[in-house]
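This report looks at how the strands of a small sheet are arranged and at what surrounds some of their residues. Please keep the sequence and the model in view while reading.

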Amino acid sequence: MKHWQVQGSMPAMIRDGHSHPWRENITAHVIADSAHRAIELVEEKHIGIEIHSVTYRSKIDVIDDRENVTA
């Protein structure tokens, strides 16, 4: 698996508290076998996204603290 950074933006629309349409920028970090699969996953989660760039980020050091969170 590889780490990909996918950047894009959502279609322009009126957002709460704004009087004119604007695009929301999205940066997603995806763990997938290929850039193609990373794009597919981002497009599934963010329907209608326009992809601007896909970057291979090589090795990453992920430290996940979720296991220490108590409900």
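The model shown here is predicted. A good place to begin is Q5, which lies in strand β1, the stretch covering residues 2-9. Is Q5 buried or exposed? Its relative accessibility is 12%, and because buried means under 20% relative accessible area, Q5 counts as buried. The side chain of Q5 makes a polar contact, at 3.2 Å, with the side chain of R57. If residues up to four places away in sequence are not counted, Q5 touches T27, A28, H29, S53, V54, T55 and R57.

**The sheet**

The strand that holds Q5 belongs to an open sheet of three strands, in the order β2-β1-β3, and the pairing in this sheet is antiparallel. The edge strands are β2 and β3 (50-56), each of which pairs on one side only. From one strand to the next, the twist averages 20 degrees. Eight bridges join β1 to β2, while β1 and β3 are paired over six bridges. Several residues of β1 can be matched with the residue that stands opposite in a partner strand, as the table shows.

| Residue | Residue opposite | Strand of the residue opposite |
|---|---|---|
| K2 | A32 | β2 |
| W4 | Y56 | β3 |
| Q5 | T55 | β3 |

Why can β1 be described as largely enclosed by the rest of the structure? The reason is that six of the eight residues of β1 are buried.

**Two more residues of the sheet**

H3 is another residue that lies in strand β1, and with a relative accessibility of 9% H3 counts as buried. The side chain of H3 makes a polar contact with the side chain of H29, at 3.0 Å. Once its neighbours within four places in sequence are left aside, H3 is in contact with H29, V30, I31, T55, Y56, R57, S58 and I60.

I31, one of the residues in that list, is found in strand β2. I31 has a relative accessible area of 47% and is therefore partly exposed, since that term covers values between 20% and 50%. Leaving aside neighbours within four places in sequence, I31 is in contact with M1, K2, H3 and I60. Although I31 and K2 are 29 residues apart along the chain, their C-alpha atoms are separated by 5.5 Å.

**The nonpolar core and the helix**

Which residues make up the largest nonpolar core? This core has 10 residues, namely W4, V6, M10, I26, A28, V30, A32, A38, V42 and I49. The elements that give two or more residues to this core are β1, β2 (25-32) and α1 (35-45), and the largest share, four residues, comes from β2.

One member of this core is V6, and, with residues up to four places away in sequence not counted, V6 touches I26, T27, A28, V30, A38, V42, I51, S53 and V54. The helix α1 lies across β1, β2 and β3, and runs at about 130 degrees to β2.

A general point may help when looking at the strands in the model. In a regular strand, the side chains alternate between the two faces of the sheet.

Conventions
Residues numbered from 1 in each chain as written. Predicted model: local features only at pLDDT ≥ 70, side-chain atom pairs only at ≥ 80, totals over all residues. Heavy atoms only, no water. Buried < 20%, exposed > 50% of the residue type's maximum accessible area, 1.4 Å probe, protein only. Polar contact = N/O pair within 3.5 Å; in protein donor to acceptor, adjacent residues only side chain to side chain. Contact = heavy atoms within 4.5 Å. Core = buried A, V, L, I, M, F, W, Y, C linked by side-chain atoms within 4.5 Å. Pairing = 2+ DSSP bridges. Axes fitted to C-alpha atoms, helices over the stretch in contact; angles between N-to-C directions.
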